[in-house]
Amino acid sequence: MSLIRSAVMVIVAVVAASGGVARASGPCSTPEHRQFDFWIGEWRVLTPDGVVAGINRIESLHGGCVIRERYATGRGYSGESLNTYDATRKVWHQTWTDSAGLLLLLEGGFDGDSMVLEGNRTTADGGSERQRITWTPNEDGTVRQHWQVAPPDGEWTTAFDGLYTRQAAAPAP
């Protein structure tokens, strides 16, 4: 038996013994890197009164190191974020930009049952405001996104409150 054939047989035996499932490994395979995976999917986003706010597609990229968000209302507004876990600093980071010219740089982490990211933004008048977005997975498979804004020393107010509901999967061809 050739050396190559023996090597192939060993690989087949290992895959069969593992149930045929590839095990995650690599720089982004830690439990911390998976904390935001509950958000991955195709979502319809509803306001608290049940109106469709938009459609959001969240996907894992680059070997699980990046989560990309693509949001669109269907009424001319759209935005995109890139999210990653910075293992060196032990924080999640999000960069959001949209069709209105908004740039948000948020950081934080998993807090209890929610992902909470915060940051500061310079306003058009040269002032600043705090931003906080909380994503909470619910038992029914939905996700609540609660975006809050506050002046530097002021109270938080809700900028957006959305309920993510999974889109039905497209039928197989």
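Which loop holds Lys90, in terms of the strands on either side? Let's take the whole chain before coming back to this residue.

## Overall architecture

This is a predicted model, and its secondary structure amounts to 10 strands and one helix. Reading from the N terminus, the order is α-β-β-β-β-β-β-β-β-β-β, so you can follow the chain from the helix into the strands by the DSSP runs, which are numbered from that end.

## Burial, contacts and surface

The protein has 173 residues, and 34% of them count as buried. The accessible surface is about 10,500 Å², with carbon and sulfur atoms contributing 58% of it.

If you like contact statistics, here is one for the protein: of the contacts between residues at least 6 apart in sequence, 29% join residues at least 24 apart.

## Two loop residues with positive phi

Now back to the opening question. Lys90 sits in the loop between strand S4 (78–86) and strand S5 (91–98). Its phi is positive, about 60°, although Lys90 is not a glycine. For background, most residues other than glycine have a negative phi. Lys90 has a relative accessible area of 62% and is exposed, because the cut-off for that class is over 50%.

His62 is worth a look as well. This residue is found in the loop between strand S2 (52–61) and strand S3 (66–72). His62 is not a glycine either, yet its phi is positive at about 55°. Is His62 buried or exposed? With a relative accessibility of 63%, His62 counts as exposed.

Terms used. Residues numbered from 1 in each chain as written. Predicted model: local features only at pLDDT ≥ 70, side-chain atom pairs only at ≥ 80, totals over all residues. Heavy atoms only, no water. Helix = DSSP H or I, 4+ residues; strand = E, 2+ residues; numbered from the N terminus. Buried < 20%, exposed > 50% of the residue type's maximum accessible area, 1.4 Å probe, protein only. Contact = heavy atoms within 4.5 Å. Areas by Shrake-Rupley, 256 points an atom, 1.4 Å probe, with all protein chains shown as cover.
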